[in-house]
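The exercises below are to be worked with the sequence and the coordinates at hand. Each task is followed by a solution in steps.

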Amino acid sequence: MDPGSRSPAAPTSRRDGPEVLGLSQEEVAARTAAGAVNTVPAAGRSVVQILRANVLTRFNAILGALFAVVLVVGPLQDALFGIVLAVNTLIGIAQEIRAKWTLDHLALLTAPHAHAIRDGERGDVPVGAVVVDDVLELEPGDQIIADGTILEAERLEVDESLLSGESRPVPKAPGDGVLSGSAVLAGHGMMRVDRVGAEAFAQRLEQEARRFDLVRSELRNGINRILRVISWLMVPLGALLVTSQVVRSGQALNGAVRGSVAGIGAMVPEGLVLLTTVAFAVGAVRLAQRRVLVQELAAIEGLARVDTLCIDKTGTLTEPGLHLHEIVSVGGAPTQDAVGAMAAEDRAPNATMRAARAVKAPAGWDLVRVSTFSSQRKWSAMEFADQGTWVIGAPEVVMPALEPRYARAVKAIAAAGHRVLLVARSFEHLTPDVLPSRLECAGWAVYEERLRPDARQTIDYLRAQGIRVLVLSGDDPGTVATVARAVGIPGADRPFHAASLPADPTALGEAIEDVSVIGRVQPHQKRDVVRALQDRGRVVAMTGDGVNDIPALKAADLGIAMGTGSPAARAVGRVVLLDSAFAVVPQILAEGRRVIANIQRVARLFVTKTVYATTLALVVGVAAVPYPFYPRHLTLVSSLTIGIPGFFLALAPGAPRAQSDFVQRVLRLAGPAGVVAAVSTLAAYLVARYPLGAHGLASRTAATGVLVVVGLAVLVVVSRPLTLWRVLVVAAMAAGAVLAWVVPLGRDLFGLEAPPVTATVASAAIAAGAVLVLAVAVAVSGPDRARPPRRR
């Protein structure tokens, strides 16, 4: 069925008609039992999927096979990496399941409900409880959750942009079809559900509405690139290493196999994906504790990279809700009665009409016809018998040529920070969706909004973090500018009217480069502004709460929906602020930055290990010398210099805004550090083994000592800035290495044997030289510098 189709001849079902009584409870139960129910797929991964994703991985299979080989050739100490692998996997599973339970609980608070008519009474039912033939009432902001047919429509307008990409509202009449994924923009109506569950578009379009653009996820793509390269390198290098150790090195088979296992296993960055998942999961749980629902863990990356925040005025800088301040009448018109009558007759009132219900509705005002409010038109109108047609809306839209004295008065009120709606009267009959041509100004309604007490503090924080704030509002530019100035947004004294925005994307980007306040913005213009900012290299977050915000929320790199907003807006937001508190935005941005910066730190550690392992495998394979480590030695080194400190670094607090070029930033340190580690450890092993006569475990102990020193030096570099707790972590790892050597059980467990004094002195000198070379390499590469933003 075409979503925009209509049947003009279809009769309108009235409230007293039999269909509007809806289904009985017995009929609902029968349809549910028959499976004609709107089954909704669970959001996110199931527990089984989490278990599968953490256990059945390529690298787990490789390490599991190596573990089995070591169990056969022994000794068991060389199989310690298998225990570490199991513990890591269990930690990853536990953290992700914990995050899932937390997010599922919060998702229940934002889950959409349908307004179903059953047994002649309206009630809210979960989306998953809707059945075929249910009658649903439709109001502005509702998301249409199943396919159906319109039964009754009063100026009903639907947003079908999620279906067709067309942002213009689509009017609906009785007999028209509607599809899931649409949202009600204006008016009121009822629909009969025709298709649910797998037979409807609901599941596919719901997933589309919630889909996050992973193509832009530099972190995910970067890690996948690293893992892909490692996977390709492991095949030839592993074959080369096994051949050199078993066939060419002259070792006994047992030692050759153990060396091969150590070399291949060391190339696997087994903890990189684990700690990335843990960091995301813990970040989501931390945000949940602040009443912030992250609808997809990958959205946390968006939090870290945001440099531009587009916000609305109402409900963001100001407290939710409007308060009617006064109604001004001119020319003796019954303006107050008109506003009271319109508010009383509006079946789907917006915020201004709800506030206007504070005015008592007059008697004797009989409604004839209605044009409901639309964010596209920015006005609504009603015709009353013997009272004429009354219009209320944006002054410059309702009466562009307003009499100068009235225009000055309205402008002065708007400049004081109040919202002003013009009230006009005409004695023409109302043609739906058409503004009457002969209008007379009858006065205006003045609304006031209260600033959020924490708005200025929040804006100050965002400015201090280098985040640009752009206010996009449907209100008068002067009103918006006054509020923006009050909270300290720079450039608020130069508001921009959306009517002056160019349509060309390039020109639009240039026009808004130095603008911080844009008023009278229409929904499609919000989306265009977001895209223009992205074209200029900006990473854009958009806050929104209404159906008119959906195009911009979906276009933004990060859509932030308000918990008190419409169900449709919550469905497309990547992040939902359950308490609609703008003050929590700095916290969620800081959490995203923390997570991404920590993942970058951890990635540097693991990739350093992979670089030195692949370098060693290549050199040892070509030279056909024994591999300088057994698996137990690398278990000790990896645990003390990567695994344990990496876990702490993955959860560390505080970080600057995440920068681009993830892979380059990781390799800038990991590349030279890995080569230095490989060269120095192999040098220590060969010097101790051949010229100085340290054989067996003694030469491998010399190499292990050098690798521990270089690994700790890399850990120091990665941990910068060195706060007290980070210094303590590094010191604890160094102490652990000393204990492994001093305690007899540690020496036996990890296969450590004291090399000769000359070999020990030579190893110490090699380690010192390696640390010096590493320091020079770090100094030459310099601190991380952000590349200029790339146009997209």
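## Exercise 1: Strand 13 and its neighbours

Met382 stands opposite Trp390, a residue of strand 13. The model is a predicted one.

Task: Determine which strands pair with strand 13, and in which sense.

Solution.
1. Strand 12 (residues 379-384) is joined to strand 13 by six bridges, and the two run antiparallel.
2. These two strands form a hairpin with three residues between them. Asp386, in the turn, has a positive phi of about 65 degrees.
3. Strand 14 (residues 419-426) is joined to strand 13 by five bridges, again in the antiparallel sense.
4. Trp390 stands opposite Arg425 in strand 14, and opposite Met382 as well.
5. As for cover, six of the six residues of strand 13 (residues 388-393) are buried.

## Exercise 2: The partners of strand 4

Task: List the pairings of strand 4 with strands 5, 6 and 7, giving a residue pair for each. Then decide whether strand 4 is largely enclosed or open.

Solution.
1. With strand 7 (residues 183-195), strand 4 pairs antiparallel over 10 bridges. Ile150 stands opposite Met191 of strand 7.
2. With strand 6 (residues 177-178), there are two bridges, and the strands run antiparallel. Gly177 in strand 6 is the bridge partner of Thr149.
3. With strand 5 (residues 170-172), there are three bridges, also antiparallel. Here the bridge partner of Glu157 is Pro171.
4. Strand 4 (residues 147-159) has 13 residues, of which 11 are buried, so the rest of the structure largely encloses this strand.

## Exercise 3: An open sheet

Task: Write down the strand order of the eight-stranded open sheet and identify the edge strands.

Solution.
1. The order is 8-21-20-19-9-16-18-17, and the pairing is mixed.
2. Strand 8 (292-294) and strand 17 (496-497) are the edges, since each pairs on one side only.
3. A parallel pair within the order is strand 19 (residues 540-544) with strand 20 (residues 558-562), joined by four bridges.
4. In this pair, Met542 has Gly559 of strand 20 as its bridge partner.

## Exercise 4: Salt bridges

Task: How many salt bridges does the model contain? For three of the pairs, give the N to O distance and the burial of both residues.

Solution.
1. With a cut-off of 4 Å between a side-chain nitrogen of Lys or Arg and a carboxyl oxygen of Asp or Glu, the count is 24.
2. Asp134 and Arg118 meet at 2.6 Å, N to O. The pair links distant parts of the chain, 16 residues apart: Asp134 is in the loop between strand 2 (121-126) and strand 3 (135-138), while Arg118 is in strand 1 (residues 113-118). Asp134 and Arg118 are buried.
3. Lys526 and Asp549 meet at 2.7 Å, N to O. This pair, too, links distant parts of the chain: Lys526 belongs to helix 19 (residues 523-535), and Asp549, 23 residues apart from Lys526, is in the loop between strand 19 and helix 20 (550-555). Lys526 and Asp549 are both buried.
4. Asp528 and Arg527 form a salt bridge with their closest N and O atoms 3.4 Å apart. Arg527 counts as buried because its relative accessibility is 15%, whereas Asp528, at 25%, counts as partly exposed.
5. Elsewhere, Arg286, Arg290, Glu591 and Arg594 are joined into one network by salt bridges that share partners.

## Exercise 5: Two helix positions

Task: Classify Glu27 and Ala94 as buried, partly exposed or exposed, and place each in its helix.

Solution.
1. The class limits are under 20% for buried and over 50% for exposed, with partly exposed in between.
2. Glu27 lies in helix 1 (residues 25-33). Its relative accessibility is 34%, so Glu27 is partly exposed.
3. Glu27 gathers with Glu26, Asp119 and Glu121 in a patch of negative charge on the surface.
4. Ala94 is in helix 4 (residues 80-110). With a relative accessibility of 44%, Ala94 is likewise partly exposed.
5. Ala94 and Ile50 are 44 residues apart along the chain, and their C-alpha atoms are separated by 9.6 Å.

Conventions
Residues numbered from 1 in each chain as written. Predicted model: local features only at pLDDT ≥ 70, side-chain atom pairs only at ≥ 80, totals over all residues. Heavy atoms only, no water. Patch = residues over 30% accessible without salt bridge, like charges linked within 9 Å, V, L, I, M, F, W, Y side chains within 5 Å. Areas by Shrake-Rupley, 256 points an atom, 1.4 Å probe, with all protein chains shown as cover. Lys, Arg positive; Asp, Glu negative; His and termini not counted. Charge placed at Lys NZ, Arg CZ, Asp CG, Glu CD. Buried < 20%, exposed > 50% of the residue type's maximum accessible area, 1.4 Å probe, protein only. Pairing = 2+ DSSP bridges.
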